[in-house]
Amino acid sequence: MTEQRTALVTGGGSGIGRAISHRLAADGFAVAVLDLNADAAKKVAEEIGEAGNEAVAFGGVDVSSREQVNAAVESIRASMGPVLALVNNAGVTGFREFLKISDASWDKTIAVNLSGPFYVTQAVLPDMIAAHWGRIVNISSSSAQGGQQYMTHYVASKAGLIGMTKALALEFGPEGITVNTIPPGFVDTPMLRESERRGMLGGGVEEHAGKTPVRRAGKPEDIAVATSFLCRDEASYITGQIIGVNGGRNT
Ligand code: NAP
């Protein structure tokens, strides 16, 4: 890469987003680490700085608020320049029998997991269009490929994100912008461990790992390497795709 580009990673303070932030920074992007959790975002930006790479934390930002997103993107642009790579990673999970899902829980899941990427993508696309170069990677979920019981609200939000990916790829391909989605499957993060703790996995992480074709759980870095690849200059012919990273759990 000849000149440094800025990448924005939502939910960059934990799990998969943290690994993606580290990886893109190592690749040469200046990374805006955006997260609801301000301490977590700050910590990740500091870790990246200590590794000799560039990152700035944008903490306390809720992707489900258009106002907060617009304000954050304006300040990223002012301090780091145009945003040319976006990873829509922030998300919330949920387990509930379908007949017991409340309106509030449905609305929150859709607001964070689907409206969030809508707001953030609208906020940064003008930068990519102006540069005639952009990379968008949406972190969806393997549950939207195979379905997952007791997660209808979550699965619906992630299936929506896959649809959004495909439609955006068609509209912005002529602008030099690629849009792809990675649906992770069973990645060992605080979110997965919380699901395990609440007894929502139908067994422990290690037990599931033993039944996975590659015989291990995913690592956040597994998602980060695929994201890194999709953000490269050389990946310009890959758009509108679903790139599964799941140890063979879904094929
Ligand atoms: P995680 O460890 O819980 O990290 C998610 C991060 O996003 C947290 O720092 C969280 O902050 C932040 N966040 C939550 N709501 C937000 C909001 N409204 N605005 C801004 N930031 C927000 O989860 P993860 O496992 O790394 O998951 C990352 C993504 O991968 C999610 O979209 C998830 O659905 C997807 N995914 C994960 C797996 C898996 O196996 N782990 C599988 C399929 C898909 P707080 O801590 O303050 O909430």
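Reader: Why is Gly134 called buried?

Author: Buried means under 20% relative accessible area, exposed over 50% and partly exposed in between, with a 1.4 Å probe and protein chains only. Gly134 has 0% relative accessibility, and therefore counts as buried. The model is predicted: local features need pLDDT of at least 70, side-chain atom pairs count only at pLDDT 80 or more, and totals for chains, interfaces and linings use all residues. Residues are numbered from 1 along each chain as its sequence is written, and side-chain values use heavy atoms, leaving out hydrogens and water.

Reader: Which residues does Gly134 touch, not counting those up to four places away in sequence?

Author: Contact means heavy atoms within 4.5 Å. Gly134 touches Leu84, Met128, Gly176, Ile177 and Thr178, with residues up to four places away in sequence not counted.

Reader: What makes the pair of Val187 and the ligand a polar contact?

Author: A polar contact is a pair of N or O atoms within 3.5 Å; within protein, one must be able to donate a hydrogen and the other to accept it, and residues adjacent in sequence count only if both atoms are side-chain atoms. A polar backbone atom of Val187 lies 2.7 Å from an oxygen atom of the ligand. For Val63, a polar backbone atom is 3.0 Å from a nitrogen atom of the ligand.

Reader: How much of the ligand does the protein cover?

Author: On its own, the ligand has 890 Å² of accessible area, and the protein covers 87% of this. Such areas come from the Shrake-Rupley method with a 1.4 Å probe; for residues, only the protein chains shown count as cover.
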